[in-house]
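Me: I am new to this structure and should be grateful for a close look at a single part of it. Please take one chain and explain how its pieces fit together and where it meets its partner.

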Amino acid sequence: MAVYKQTYRGYDGPSTPAWSRFLILPRYAFEEKRRSKFFTMFFLVTMLAPLIFALIIYVEHNLSALKMLRAGQGDLIPINAQFFQNLLGWQSMMAFFLAAFVGPGLVSPDLANNALPLYLARPFSRAEYVLGKMSVLLILMSVMTWIPGLLLFVLQGSLEGGAWVAQNLYIARALFFGAWIWILLLSLLSLALSAWVKWKPLAGGLLFGVFFVAAGFAGAINAILRTQWGNLLNLSHLIGAVWGSLFDQPMHRGTGAVFFRVHGEETPIWCCWVALLVISAFCLYLLSRKIRGAEVVR
Amino acid sequence: MQPVIELDNLEVRFGERPILKKLNGSLTGRAIGLLGPNGAGKSTLINTLLGFHQPFSGTARIFGMDIRTQAKSARCQLGYMPENDSFIAGMTGVHFLRLMAELSGLPAEQAMERAHEAFFWVGLGEARYRNLGTYSLGMKQMAKLAQAIVHGPKLLFLDEPTNGLDPPARARMIQLIQEIRDRGDLQLLLSSHLLRDVDECCDEVLILKDGRIAAFCNLEEERRANRKFLELETRGGNGTFTAAIERLGCETACFPNGRMKLVMPEGVEIRQLYALAAEGNVQIRRLNHKRDSLEDIFLKAMEAPNGGV
């Protein structure tokens with residue numbers, strides 16, 4: 001109907017499938033982010049490391065290039081679990097900055113502008129809202145972490161042959177699951193902070209606080225009480241330890257990005273898993289308290 | 001006629017505090033007014049029907065769909081205009097409406113088309129590409145109405161729709177609500193403090209007091225029932241005119257300054273009164289249908305102890 005008729009009319013046309021509606025939120029968020037030059041630049045910069053890693057893999061398998069560098073295959077940088085762990089560590093650090101930049105803008109403006117009743121008065125649940133908002137981070141961080149990681153693994157496998165792939169399949173598994181653990185934790189944390197702090201810059205700052213202040217606090221506990229259990233408060237330590245077990249390579253100094261190095265004694269891995277689960281459950285609880293159509297004043 | 005909303009022992013508590021106390025009723029009107037003093041539970045009732053609050057006991061049904069078990073299906077039929085300022089930051093008006101329509105299940109193309117239509121319909125066509133944050137309060141109210149109808153709901157919840165509007169904007173809002181009501185394919189639940197808004201837009205009214213239903217009244221029937229009660233103000237009237245009216249079968253009561261009240265029996269029309277006045281050379285300066293105003297109904301409900309119904 002033409003707009004000039006200017007009258008109200010009902011709608012009896014087709015509907016989109018209910019399961020797919022949470023994807024509307026990331027689509028709109030990406031439309032908005034695309035307009036930000038800073039975001040586009042930042043995102044392109046995060047792709048530099050995978051390109052460099054791809055170049056290394058290529059050079060390692062290019063005899064003329066190796067001859068030119070007067071090196072043998074595997075002499076430059078060995079393509080092994082540690083290589084991929086380094087990639088994951090670096091990209092995950094970039095993902096952290098992205099979460100601090102994008103995460104706070106996801107929920108806090110909706111809370112500040114009282115937009116939640118508008119979303120939740122529709123056939124759209126709280127879980128779909130959280131999933132939709134989380135998808136923005138999940139998609140962006142996936143593109144930065146495990147997707148380039150697996151592409152590099154495929155590149156290396158195609159150049160090295162089937163035997164290498166069979167022998168190192170655990171690297172692909174570790175890349176995939178290791179990245180997802182980090183992505184989920186980071187997404188939940190940034191959404192929970194964004195839901196509790198309505199001011200965007202403060203929510204972004206708090207995400208840094210949770211990592212660095214908690215790490216400092218953990219270090220202080222360890223030093224004062226001469227224990228290792230303070231590490232349970234240090235998120236980067238927990239992730240580093242879990243990655244170490246997945247890659248079958250401890251994350252000591254020199255491994256992965258600076259964020260995820262495990263210092264001092266290692267904490268039992270099951271304790272790290274439990275701590276990560278508790279933190280995630282706490283974030284979900286915070287979100288369930290805040291993401292409501294109407295606030296209840298008891 | 002299928003009830004629009006059925007309340008079945010609906011009780012809502014916030015912690016230990018009961019807010020809605022065992023509400024029962026069946027609302028069938030095209031436009032239902034929800035009245036009550038502050039804290040009576042109007043917004044809680046709307047929020048519960050929308051699924052924002054879980055009932056402590058009992059339930060409610062919207063078009064026969066239980067809000068406990070079929071909340072999502074029920075919400076497919078609903079449009080909601082919240083009382084407070086509500087919008088999504090950093091979006092243009094038409095972008096906002098498109099998002100709202102898509103979240104209600106409309107495909108992107110239809111959502112865009114209807115977003116434009118809704119904006120034109122509420123009179124914001126020229127401002128649809130402006131950022132919502134730059135809208136005046138009146139424009140935001142209109143944008144809220146537009147987002148509530150953009151997906152073509154069957155039942156519209158309007159929570160204080162004329163809040164903060166100047167008289168012309170209020171008149172425009174009331175006109176839009178009446179237009180929606182008169183189309184007949186969309187039913188309304190209008191919550192307001194302003195009796196005049198409810199009186200102008202609604203044909204049924206539910207009055208809440210302290211979480212209970214204090215009164216439920218069909219305004220349309222009330223209007224019909226009271227059509228025969230008249231108040232007249234005459235000039236030049238005398239006993240002859242009163243006697244002539246009484247001969248028609250009217251009951252009359254006379255007051256000083258030519259004022260009189262009368263009840264007309266079935267079959268007597270107002271033009272007969274004018275004819276008698278013309279014969280007796282009497283001027284009828286004012287003629288009002290006297291009925292219980294919504295204000296009378298509201299005040300009676302508020303005076304009743306412990307709610308009422």
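Reply: The following account concerns chain B, beginning with its division into domains.

This is a predicted model, in which local features need pLDDT of at least 70 and side-chain atom pairs count only at pLDDT 80 or more, while totals for chains, interfaces and linings use all residues. Residues are numbered from 1 along each chain as its sequence is written, and chains are lettered from A and ligands numbered from 1 in the order in which they are written.

Chain B is assigned domain 1 (1-77 + 154-226 + 292-309), domain 2 (89-150) and domain 3 (228-289); such bounds come from an automatic or database domain assignment. Between domain 1 and domain 2 of chain B, the C-alpha centres are 26 Å apart. Here 10 residues of domain 1 of chain B are in contact with 9 residues of domain 2 of chain B, contact being counted if the C-beta atoms of two residues, placed from the backbone, lie within 7 Å. On the domain 1 side, α6(B) supplies the largest share, 4 residues. Helices (H or I, at least four residues) and strands (E, at least two) are DSSP runs, numbered from the N terminus.

The helix α6(B) also belongs to a crossover. Strand β7(B) (155-159) is joined to β8(B) (residues 187-191) by 5 bridges, and the two run parallel; strands pair if DSSP finds at least two bridges between them. Within this pair, Leu156(B) is opposite Leu188(B). The chain passes from β7(B) through α6(B) to β8(B) in a right-handed β-α-β crossover, a term that applies if, with the strands pointing away from the viewer, the path from the first strand over the helix to the second runs clockwise. Strand β7(B) is also joined to β6(B), by 4 bridges in the parallel sense, with Leu78(B) opposite Leu155(B). Because 4 of its 5 residues are buried, β7(B) is largely enclosed by the rest of the structure. A residue is buried if 20 or more other C-beta atoms lie within 10 Å of its own, exposed if 12 or fewer, and partly exposed in between, with C-beta atoms placed from the backbone.

Helix α5(B) (137-149) has 13 residues, which at 1.5 Å a residue should span 18 Å; the end C-alpha atoms are 19 Å apart, in agreement. The expected span is 1.5 Å times one less than the number of residues. Among the buried residues of α5(B) are Gln141(B), Met142(B), Leu145(B) and Ile149(B). Their cover includes α7 (116-120) of chain A together with β6, α3, α4, β7 and α6 of chain B.

Chain A thus leads to the interface. There, 43 residues of chain B are in contact with 36 residues of chain A. The elements of chain B giving two or more residues to its side are α2 (71-76), β6 (78-81), α3 (93-103), α4 (108-121), α5 (137-149) and α6 (167-183). Of these, α4(B) gives the most, with 6 residues. By class, this side has 20 nonpolar, 13 polar and 10 charged residues; Ala, Val, Leu, Ile, Met, Phe, Trp, Tyr, Cys and Pro count as nonpolar, Asp, Glu, Lys and Arg as charged, and the others, Gly among them, as polar.

Finally, strand β11(B) (residues 229-235) has alternating side chains: Leu230(B), Leu232(B) and Thr234(B) point to one face and are buried, whereas Phe229(B), Glu231(B), Glu233(B) and Arg235(B) point to the other and are not. Strand β11(B) pairs antiparallel with β13(B) (residues 259-263) over 5 bridges, and 6 bridges join β11(B) to β14(B) (residues 283-289), again antiparallel.
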